Amino acid sequence: MDNREKDLLMLRAAEHVKHSEYDMAVRVIDQILSKEPHDHLALFNKASTLRTAGQTDDAEYLLKRLLNLKSQVSGPYHQLGLISQEKGELESALTYFTKATEIQPLSADSWFERGMVLYDLERFKEAEEIFRHASVFDPDNPGVWDQIALCCQKQGNYEEAIRCYDHALELNRHAVQIYFHKAALLEQMGDRHQEMRCYDSIILIDPENIFSWLKKGLALMLCGEYELSLRYLSVAVRHENPGYMPYLLKGLVLAILNRNDEAVICFKEAHILAPGDCEISLHLGKALGSCMRTDEALDAFENVLTIKPKHREALEGKARALYHLNRWAELFDFCSQNRSIDPKNSIWYLLEARARGWQTDEKEIALNVILQGLSVLPHDESLLCLHSDLLVAINLTDDALDLLAHELIEESTVVSIMYRFATLHAKKENYQIASDYFDQIYKIRPEESQVLYLAGEAYERMGNLETALERYTSAICEDPMDSLVWLVRGRVLLNMGEAEDALLSLKQATSLSDEWFDAWMLQGKIEIELGYLDEARKSLTYATVLIPDESESWRLLGDVLHNLKDINPSRIAYERALAIDFSDHEARRGKINAHLSAAEIEEALGEYDIALSLKGENFWDLYGKAMVLFDANRVQEGEIILERAEAFVSEDPKVLFCLAGGWGAICEFERAESFYAASCELDPENSKVWCLRGHSLRDAGKFDEAVVCFNRALEIDPEDSESHSGKEICMDILEGRTLPYTCQRPDHDKNINTNSDQQLKEME
């Protein structure tokens with residue numbers, strides 16, 4: 001079995017793993033092993049797949065078998081360490097991770113896992129030393145520094161622990177867990193002020209984190225500083241025999257803040273103190289429903305209805321509870337009964353129609369229920385919206401638009417109707433109409449910053465970038481913590497040619513959401529465009545960590561590393577990209593360039609052969625291979641390949657330009673001239689082509705014609721020093737000041753680079 005067949009089978013197996021089809025993946029890998037039972041990569045991938053599938057014993061057996069075949073590789077030891085860790089066999093895990101670090105001492109992952117095992121074994125000093133090794137190879141990983149701090153804390157070295165926590169937080173200002181660790185240490189040290197500053201930071205990062213509020217509240221209470229009404233209510237309910245009202249009020253405040261679990265506790269306390277109060281039971285039912293404790297919510301609403309059978313809110317609450325419990329038959333009967341009693345309450349139509357339309361797949365009946373409701377409530381906003389949603393669900397989008405348009409004629413400022421109308425037009429790519437309505441919605445509801453984003457998206461799609469930028473910027477002013485809007489704003493700025501400002505927006509997006517792959521990718525691309533390669537390396541590296549199975553991030557990282565002259569790492573990045581997507585031709589081109597930079601001619605030629613086998617014969621791969629052969633002084637072979645490339649000549653001036661350069665590189669000036677002439681005819685305003693054509697004619701001894709080409713280049717670009725120089729040389733020869741010469745190897749070889757990508761950049 002050749003390597004190409006193996007690679008294709010590995011790609012199939014990886015695809016199965018991606019979809020959790022582990023048995024299928026193993027069967028595919030076994031196809032390789034049936035023919036080559038000692039294939040190291042196949043054995044390793046099979047073991048890794050089995051471990052992911054939870055078949056740790058089988059995985060362990062394969063990994064040990066692999067080590068018997070080839071013991072000096074770190075991957076199997078690392079995997080065995082993870083398996084032992086999962087089994088709780090910490091000493092065994094430590095042995096494996098230690099071996100992995102001995103074989104591959106630059107692997108930060110193995111050092112880190114080794115440190116974690118030592119930490120779990122409570123060998124804190126040794127763990128600290130290992131984590132410090134990991135920090136050498138991954139100095140920007142805040143998790144490593146967090147673990148070092150925990151080790152120092154366990155050993156009583158509080159000052160060093162604080163220093164390490166601070167360094168970790170410098171690397172990641174949004175690491176909530178690290179703030180909690182630091183706060184716990186400060187609490188242990190008795191430094192309440194600094195402890196509360198940690199909770200303030202957590203609250204700024206994640207305002208919904210209940211533990212930070214509670215811990216801050218406890219610290220403030222211990223300091224005697226009481227703020228906010230909720231904390232005063234908390235003090236009130238701690239009084240002896242406070243009655244039900246403080247619990248009820250606190251529950252209402254907590255419910256408004258969406259802290260419904262706490263609200264339920266307060267409402268239950270209130271209910272114990274006043275069991276006959278229907279309002280307490282009603283609020284308890286609502287809070288339980290918000291907590292998805294639907295069975296208990298239904299009991300609370302039933303309790304109200306035993307006291308007041310016609311209590312409207314309790315009836316509605318019961319209907320919602322039946323809906324969330326999927327008790328459809330009871331819900332349909334309940335709604336039908338209440339429609340006859342209270343026909344002008346839209347909820348009896350809405351819940352049944354929504355259930356039949358989207359839960360029991362009875363869309364025709366659902367449509368009839370909605371129409372029945374609209375016959376009683378013809379302008380009910382909720383019914384109209386549900387009617388349009390149902391029409392869309394049964395693929396009658398145009399009918400939905402007609403319905404909404406008719407209603408907007410009657411009442412043009414109903415936001416929910418306008419929103420659906422705009423959204424449907426956006427889906428149908430009627431962006432002008434969509435943007436107009438989103439703008440109108442914002443005028444009515446200026447607090448809805450999301451509408452600004454949608455308007456900006458519509459303007460962006462229709463190519464009106466300036467207006468899109470205005471909308472996105474306004475959305476940011478309303479909600480500066482929305483990382484998505486920062487990202488799309490950066491995208492628009494980039495498309496407007498404002499790369500520096502785009503980069504600032506993307507940095508804000510990644511600072512608000514540092515685990516967002518798309519943001520890091522776009523940030524890396526902008527940094528590449530601006531030439532900030534060190535920053536791009538960091539951004540793209542982070543992207544590969546977030547989603548390691550995305551080939552584009554690895555390919556771009558390879559490009560950056562190659563431009564930074566880190567040739568071996570760039571080649572590794574390209575190989576990772578190709579391992580994910582073997583047909584990624586740009587990654588293969590990058591790998592070829594890396595080989596050429598390392599003077600690995602045969603390897604580069606091999607990659608060209610793979611590209612040609614995947615894509616079939618094409619101009620660019622044939623041309624590139626020919627130029628590599630010329631560079632290796634294998635002129636005869638290169639000439640044959642370049643002849644084959646000519647079969648794919650098109651009316652593309654770049655293709656003609658490169659062919660001319662190729663023939664000129666081996667002193668075939670007549671053939672070069674024909675392609676230069678054709679390129680100039682198709683792209684007459686490109687001074688670079690005229691200049692190189694002049695050099696070729698000069699080297700061929702056609703000095704008069706060369707002067708004409710140099711003059712044409714200077715007409716286009718009067719500052720072209722190379723054309724000035726070429727013209728002067730030719731004029732000196734023509735006027736007898738310099739003797740003519742015969743060119744053995746063209747002087748303009750420096751302008752013909754075997755890297756065809758670079759040559760095209762120079763041309764452009």
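Is Asp699 buried or exposed? In this predicted model, Asp699 is buried, with a relative accessible area of 5%. Its salt-bridge partner is Arg698, and the N-to-O distance is 3.0 Å. Arg698 also counts as buried, at 3% relative accessibility. Both charged side chains of this pair are therefore under the 20% limit for burial.

The Arg698–Asp699 pair is one of 52 salt bridges in the structure. Some of these interactions share partners. Glu128, Arg132, Glu160 and Arg163 are joined in this way into one network.

A further salt bridge connects Asp166 and Lys182. The closest N and O atoms of this pair are 2.6 Å apart. Asp166 belongs to helix H10, which spans residues 158–171. Lys182 belongs to helix H11, which spans residues 176–189. The two residues are 16 apart in sequence, so the bridge ties together separate parts of the chain. The partners fall into two classes of accessibility. Asp166 is partly exposed, with a relative accessible area of 28%. Lys182 is buried, with a relative accessible area of 12%.

Helices H35 and H36 are linked by the pair Lys591 and Glu607. Here the closest N and O atoms lie 3.0 Å apart. Lys591 sits in helix H35 (residues 585–597), and Glu607 sits in helix H36 (residues 601–615). The pair links distant parts of the chain, with the two positions 16 residues apart in numbering. Glu607 is buried, with a relative accessible area of 8%. Lys591 counts as buried too, at 11% relative accessibility.

Arg489 presents another case. This residue is found in helix H29, which covers residues 483–495. Arg489 is buried yet has no salt bridge. The nearest side chain of opposite charge is that of Asp501, 6.4 Å away. A salt bridge requires a nitrogen-to-oxygen separation within 4 Å, so Asp501 does not qualify as a partner of Arg489. What does Arg489 touch, leaving aside residues up to four places away in sequence? Its contacts are Leu469, Tyr472, Thr473, Ile476 and Ser505.

In short, the buried charged residues include both members of the Arg698–Asp699 salt bridge. They also include both members of the Glu607–Lys591 salt bridge. In the Asp166–Lys182 salt bridge, Lys182 is buried, whereas Asp166 is partly exposed. Arg489 is buried without a salt bridge.

Methods:
Residues are numbered from 1 along each chain as its sequence is written. This is a predicted model: local features need pLDDT of at least 70, side-chain atom pairs count only at pLDDT 80 or more; totals for chains, interfaces and linings use all residues. Side-chain values use heavy atoms; hydrogens and water are left out. Helices (H or I, at least four residues) and strands (E, at least two) are DSSP runs, numbered from the N terminus. Buried means under 20% relative accessible area, exposed over 50%, partly exposed in between (1.4 Å probe, protein chains only). Lys and Arg count as positive and Asp and Glu as negative; His and the chain ends are not counted. Contact means heavy atoms within 4.5 Å.
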